[in-house]
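Trainee: I should like to work through this model with a few questions, beginning with the pairing of its strands.

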Amino acid sequence: MDTDMPVSFDNTENAFAYKTTRELKKARFLFAMIGYPAIVRWGIRIIPWALKNRLPVTGLIRHTLFRQFVGGETLEETAQVAKKLGDYNVRVILDYGVEGGEKEETAFEHSMEKFIEVIRYAATRPNIPFISVKVTGFARVGLLEKLDSSVSDQQGPLIKRYTKALETLNDEERSEWEQVWRRMERICSVAAEKGVGVLVDAEETWIQDPVDVMTILMMEKFNMEKAVVYNTVQLYRHDRLGFLKDALEAAELRHFILGVKLVRGAYMEKERERAATMGYPSPIQPDKAATDQDFDDAIRFCIEHIHRISVIVASHNEASNLYTTRLLRQQNLPFDHPHIHFSQLYGMSDNITFNLARAGCVVSKYLPFGPIKDVAPYLMRRAQENSAIAGQTGRELRRIKKELERRSRQRI
Ligand SMILES: Cc1cc2nc3c(=O)[nH]c(=O)nc-3n(C[C@H](O)[C@H](O)[C@H](O)COP(=O)(O)OP(=O)(O)OC[C@H]3O[C@@H](n4cnc5c(N)ncnc54)[C@H](O)[C@@H]3O)c2cc1C
């Protein structure tokens with residue numbers, strides 16, 4: 001692969017080669033619809049309510065949002081999508097669409113078994129190197145929140161604060177936490193045995209500390225030779241560049257490979273609202289430019305320490321993806337370096353994914369799957385994030401239209 005050519009994301013023929021014209025027209029319709037903020041606001045309120053009350057909306061969802069952003073209802077259904085992506089040298093991060101809540105222990109056990117099933121399945125496929133895991137899928141949010149708040153009350157480095165915080169749990173909570181730990185350990189050990197990576201999603205700040213601690217300690221156990229476990233770092237938080245540097249120090253000291261997925265962060269409004277309501281300083285950067293700066297600084301930091309960090313640049317931001325390819329060139333690192341991976345969500349920014357893959361980069365689509373009612377919150381987030389306010393819809397729609405026009409010119 002010629003890595004001397006500058007990478008460009010403008011080629012829509014590459015971007016949409018995996019989609020038929022009929023599929024592209026459906027995508028055009030969908031993005032045009034979610035371009036109207038009023039429709040999205042209405043849908044976000046009505047759809048979850050309709051699903052809860054078993055109203056017949058699943059057909060509508062299946063043929064619109066679900067088809068665009070989700071791999072299928074079952075693992076087997078994802079095989080077709082994964083195969084198609086594989087034909088274009090694109091890999092898959094499988095995401096079992098379970099969301100957190102105040103569930104029963106049996107539901108958490110079921111989620112753990114499901115994550116393990118996904119790992120075993122991924123190990124049998126040629127292009128599924130990772131699965132993603134949400135700790136809230138197998139831990140009670142209330143427990144994470146209590147532990148997090150207690151960690152914040154302590155002084156000193158994170159692991160020390162966590163150890164002290166454990167003492168504040170009562171007997172029942174402590175044994176509940178032991179079960180969470182056991183589930184996480186089980187997932188990671190099967191992943192290590194099967195050679196599949198586990199990407200731990202980042203959550204809201206008020207539950208993130210226990211997730212960070214658990215993930216770092218799992219890395220210490222399973223990342224000695226290669227990265228199996230990855231933590232997610234949200235650079236819309238103003239404290240995360242520092243956190244990344246501390247995590248590297250721990251990795252150097254204890255000789256493990258630090259696995260990190262870099263994201264900007266998905267819960268900005270929620271974070272700011274909570275901070276304002278509860279009267280504490282917002283954990284979020286003052287503006288987008290500050291987030292962008294820290295995101296790119298984090299990429300640079302990871303590439304400069306590539307011997308010890310395995311990084312996944314998870315972003316739809318063209319400038320950040322291009323910046324990564326430029327840094328790789330500057331450092332004389334191959335685009336397919338085993339410690340560098342790019343990723344975008346399925347159904348979004350195909351121009352980045354497929355053009356990176358053609359340039360020889362290792363790139364994957366994050367592919368959720370699950371019953372419609374389980375993936376509904378994920379779909380609502382995608383609709384919201386793609387609504388006109390964010391500007392993303394405009395970009396997606398413009399690219400789809402450009403490709404449809406190119407195809408129709410070709411037919412003349
Ligand atoms: C593969 C993959 C995995 C992901 N996993 C997670 C995860 O585990 N946890 C998670 O939280 N998110 C996750 N995300 C979502 C991610 O955090 C972003 O919400 C999303 O990707 C948009 O950011 P961007 O870099 O793609 O693009 P951009 O469009 O350049 O950035 C948009 C983002 O910038 C930030 N931003 C926007 N306005 C402001 C402002 N005024 N001030 C400060 N910051 C601002 C916000 O984070 C916003 O989402 C994931 C995304 C991908 C592609």
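Trainee: In strand E6, which residue is the bridge partner of Val-260?

Mentor: The model is a predicted one. Strands E5 and E6 pair in the parallel sense, over 5 bridges. Within E6 (residues 309–314), the bridge partner of Val-260 is Val-311.

Trainee: Which residue of E5 is the bridge partner of Val-233?

Mentor: E4 pairs with E5 in the parallel sense over 4 bridges. The two strands also belong, with helix H11 (residues 240–254), to a right-handed β-α-β unit. The E5 partner of Val-233 is Leu-262.

Trainee: Which residues point the other way from E5 than Leu-258, Val-260 and Leu-262?

Mentor: In a regular strand, side chains alternate between the two faces of the sheet. E5 spans residues 258–263, and 6 of its 6 residues are buried. Leu-258, Val-260 and Leu-262 point one way; the residues pointing the other way are Gly-259, Lys-261 and Val-263.

Trainee: Which helix gives the largest share of the largest nonpolar core?

Mentor: This core has 110 residues, and among those that touch the most other members are Val-229, Val-260 and Leu-262. The largest share, 8 residues, comes from helix H10.

Trainee: Which element gives the most residues to the shell around the ligand?

Mentor: The shell has 24 residues, of which Asp-201, Arg-264, Ala-266, Ser-315 and His-316 come nearest to the ligand. Elements giving two or more residues are strand E4 (229–234), helix H13 (288–304) and strand E7 (340–345). The element that gives the most, with 3 residues, is E7.

How values were computed:
Residues numbered from 1 in each chain as written. Predicted model: local features only at pLDDT ≥ 70, side-chain atom pairs only at ≥ 80, totals over all residues. Near = placed C-beta within 6 Å. Core = buried A, V, L, I, M, F, W, Y, C linked by C-beta atoms within 7 Å. Buried ≥ 20, exposed ≤ 12 C-beta atoms within 10 Å, placed from the backbone. Pairing = 2+ DSSP bridges. Right-handed = clockwise from strand over helix to strand, strands pointing away.
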